Amino acid sequence: MKIRRYQIKKEVENILKQGHPWIFKSHLSSAADIFKTGDLLSLVNAANEIVAYGYFERDSLIAIRVIKFGKTAPDAIWFKNKLLKSLSKRENIKQYTEGFRALHGENDGFPGIVFDVYKKMGVLQTYVPSVDPLGRYIASVLRHELNLDTVLWKEPSRRKKAGKTRILYGKEPKLIIVREGKLKVAVDVSEGQKSGTFLDLRGLRKFLSLQNLKGKKVLNLFSYTGTLGLAAEVAGASEIWNVDIAQGALKFSETHHSLDKKKYRYISADVFKWVDSLPPHERFDVLIVDPPSMASETKQVPVALKAYNRIYKRLLPHLKPGGMMIVCCCTSRISRKQFTDNAKKALISSLPKMKSIQPEDDHPVGFPEGDYLKMLIFSK
Ligand SMILES: C[S@@+](CC[C@H](N)C(=O)[O-])C[C@H]1O[C@@H](n2cnc3c(N)ncnc32)[C@H](O)[C@@H]1O
C-alpha cells in the first residue's frame, strides 16, 4: 500500500508521545486537504523523522487514527503478531466463556476495529470507512487463528447503515447460545445491540451470579435482554423485575433469559418517568441502574448526570435494609471521576460502602477515552 507523508504540528507530536492514538481535524494543517479517506500516512515531525503511521478519515472529527507508533511501517507480519498478542491476553477469559471480545479497537492498538467471538462465529465491526480494508484483513487472520466457521461484518450504530450485517464467511445463524460461567446467554447478531449482546457487562454478571441472592427481590432497570436479571436468578433471586423501553428486548428476555418465568415481571416503560410511579411498599434487595449513555457530546454531561442522580434518589427509599444498588455508566464522555463523584453525592450517605467492577481482560483500557464503562456497587 502506498504510504503518504504528512508533517504534524509540534502539539500533535506531543499528543502522540503520550501514546494517544487520535489526531483531531482541528489539529491538521491545510496540507492534509489532499488526502482521501483510507490513505495510510507516515506522520513526520519538524525534524522530518517518522513518529507514527495512521489512517486518514475525511468526514470525521478524528481525522487520523494511529495504527503504529515509531519509524518502521506496519506490514502484514507486524499486524499478525500484534493480533496474536491481543489474543494471548484472552486465554483466561476463554476458560470462563464462549463469548468474548478478541479485539477492542484502540485499546488493543487497532483503532476503530472491534471483533467479537461467539463460539465458532466472529463478528467484525469497523467504526469508520478508513479502517474497513484493515478490518477485513484482520477478520481473515482471526478466522484462521480462532478456527471460526462464520464471520459476519456488522455496521455499528453510529454508521450510516447501522445494524446491517454482511456475511464474510460461512452462514449466519439465527441465534447463538453461549456459555458464560453458570449462564447461557442468547445472542442475535442482526437484531441485538453492539455485536449482539453486551459482552462488556460480563464482570457484573459474574459478580451477581456469585452472590447469595436466595429469596431476594431484584429491580433491573434498563434491563435490555435481561442478562443481569438472569445472573441474579442463577444466584437464587426469587423475584426479578426487568424494566426497559424496548418491548422487543423484554420479549427476548422472557424467551431466552429466564430459568423460571414465574419469577419475572416485564415492564415496558420509560424508566425516567416510571421511577416516579413505583408504589412506596415495593422494596428490593438489589437495584440495578444501567442507563443508556445520554451524552454523546461533552455539553450533555451535566444533564445526563442529573438524570442519573434523580433515579438514584427516587430508588433509595425502595431499597431494603442490607440491600445494594448497582449503578453503571457506558460513555467515556462522562469520566470515571465525574461518574463516581456524582453517584457518591447521591448515595454515599445512605450506602457508605462502594465497590467498583473493573473491565475484564477482553475489554482493556488503552487510552483515556477507552475507559467508557463504569460499574459501581453501593451498600451499607
Ligand atoms: C446500556 S443498555 C442496558 C444493557 C443491559 N443492562 C444488559 O444487561 O444488557 C441501555 C438500555 O436502556 C434502554 N433504554 C433507553 N432509554 C430508556 C428509557 N428512557 N427507559 C427505559 N429504557 C430505556 C435501551 O432500550 C437499552 O436496552
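How many residues surround the ligand, and which are the closest? Let's start there, keeping in mind that this is a predicted model.

**View 1. The shell around the ligand.** The ligand is surrounded by 18 residues, and Phe222, Tyr224, Ile245, Ala246 and Asp290 are the closest. By character, the shell divides into twelve nonpolar residues, three polar and three charged. Two helices each supply at least two residues of this shell: helix 6 (227-234) and helix 8 (271-274).

**View 2. An open sheet of five strands.** Here the strands run in the order 6-7-8-9-10, with mixed pairing. Strand 6 (99-104) and strand 10 (165-169) are the edge strands, each pairing on one side only. From one strand to the next, the twist averages 25°.

**View 3. Strands 8 and 9, with helix 4 on the sheet.** Four bridges join strand 8 (residues 121-126) to strand 9 (residues 150-154), and the two pair in the parallel sense. Look for Val123, which stands opposite Leu152 in strand 9. Helix 4 (residues 132-145) packs on the sheet and touches strand 6, strand 7 (113-118), strand 8, strand 9 and strand 10. The direction of helix 4 makes about 165° with that of strand 8.

**View 4. Stepping back to the protein.** Ten helices and 19 strands make up the count of elements in the protein. Its C-alpha trace spans about 70 × 45 × 35 Å along the principal axes. The radius of gyration is 22 Å, which agrees with the value near 21 Å for a compact globule of 380 residues. Of those 380 residues, 43% count as buried. Among contacts with a separation of 6 or more, 60% come from residues 24 or more positions apart.

Key: Residues numbered from 1 in each chain as written. Predicted model: local features only at pLDDT ≥ 70, side-chain atom pairs only at ≥ 80, totals over all residues. Near = placed C-beta within 6 Å. Nonpolar A, V, L, I, M, F, W, Y, C, P; charged D, E, K, R; others polar. Pairing = 2+ DSSP bridges. Axes fitted to C-alpha atoms, helices over the stretch in contact; angles between N-to-C directions. Contact = placed C-beta atoms within 7 Å. Rg over C-alpha atoms; globule rule 2.2 N^0.38 Å. Buried ≥ 20, exposed ≤ 12 C-beta atoms within 10 Å, placed from the backbone.
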